[in-house]
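Me: I would like to learn how to read the sheet and the helices of a model like this one. Could you take me through them step by step?

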Amino acid sequence: MLSRDTPLLHTSRATLRMATKNDISAILRFYTENAAHFAPTDPHMPDGFYTEPFWIERIAHRLKAWSSEQALSLFIFESETQEIVGSITLSQMCRGPFQAFYLGYSLDSKREGTGLMRESLEAVIRFAFQDLNFHRIMANHLPENKRSAGILKRLGFVTEGLAKDYLFIGGRWRDHVLNSLTNPNWRVEK
């Protein structure tokens with residue numbers, strides 16, 4: 001069973017936590033400033049995505065998803081500036097014999113190549129394997145997304161194959177490379 005407390009993870013350069021209503025202006029700034037950067041790899045954003053009412057509802061939904069063991073959505077707050085510079089999501093959390101989830105992530109275009117995403121993902125993976133005791137993490141990317149392929153490889157993910165017409169992005173169905181990482185210290189819980 002997950003703790004009902006919201007996770008608070010720290011790295012040497014960032015704090016990872018769930019958003020509150022006080023973070024909405026920072027969230028909107030993050031997504032607005034990076035809209036063109038994220039467009040080639042993200043599905044179409046829903047109506048109202050760039051508005052405060054949307055995020056008031058989305059934050060409440062994300063808290064409910066965490067408390068019901070379905071998903072965990074964290075923002076990366078840079079320690080030095082306290083700006084939101086990225087996001088990491090654990091979605092479709094499944095227990096039972098599967099013990100797995102999907103990992104999604106995004107980083108401010110100005111922070112790419114700094115190692116901040118790797119540092120943040122390492123903290124999340126450690127939390128997911130040690131504290132939450134998941135066995136498998138799945139992370140998929142477009143074949144041309146070399147940056148995602150590289151970070152997943154450096155984190156120890158293994159490529160498992162190619163899924164044809166996997167996600168609808170940019171007005172068409174796009175193939176994705178399937179990757180996974182398994183927990184060598186997974187524990188049977190009674």
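What follows is a dialogue on the sheet, a hairpin, a pair of helices and a buried residue.

Reply: This is a predicted model, in which local features need pLDDT of at least 70 and side-chain atom pairs count only at pLDDT 80 or more, while totals for chains, interfaces and linings use all residues. Residues are numbered from 1 along each chain as its sequence is written, and side-chain values use heavy atoms, with hydrogens and water left out.

Me: What is the order of the strands in the open sheet?

Reply: Strands of a sheet pair through backbone hydrogen bonds, either parallel or antiparallel. Here helices (H or I, at least four residues) and strands (E, at least two) are DSSP runs numbered from the N terminus, and two strands pair if DSSP finds at least two bridges between them. The open sheet has eight strands in the order 1-2-3-4-5-6-8-7, with mixed pairing. Its edge strands, each pairing on one side only, are strand 1 (8–10) and strand 7 (158–169).

Me: In which sense do strand 3 and strand 4 pair, and what links strand 7 to strand 8?

Reply: Strand 3 (residues 72–78) and strand 4 (residues 84–94) are antiparallel over six bridges, and Phe77 stands opposite Ile84 of strand 4. Strand 7 and strand 8 also pair in the antiparallel sense, over eight bridges, with His176 in strand 8 as the bridge partner of Ala163. These two strands form a hairpin with two residues between them, and Gly170 in the turn has a positive phi of about 65°.

Me: How are helix 1 and helix 3 placed relative to each other?

Reply: Axes are lines fitted to C-alpha atoms, for helices over the stretch in contact, and angles run from 0 to 180 degrees between N-to-C directions. The axes of helix 1 (residues 24–33) and helix 3 (residues 52–67) come within 10 Å and cross at roughly 110°, so the two helices are roughly perpendicular (65 to 115 degrees). The contact (heavy atoms within 4.5 Å) is made by Ile24, Ile27, Leu28 and Tyr31 of helix 1 and by Glu52, Trp55, Ile56 and Ile59 of helix 3.

Me: Why does Thr11 count as buried?

Reply: Buried means under 20% relative accessible area, exposed over 50%, and partly exposed in between (1.4 Å probe, protein chains only). Thr11 counts as buried because its relative accessibility is 17%. Thr11 is found in the loop between strand 1 and strand 2 (14–17) and touches Leu16, Glu119, Ser120 and Ala123, not counting residues up to four places away in sequence. Among the buried residues of helix 4 are Glu119, Ser120 and Ala123.

Note on methods
Angles under 35 degrees count as roughly parallel, over 145 as roughly antiparallel, 65 to 115 as roughly perpendicular and the rest as oblique.
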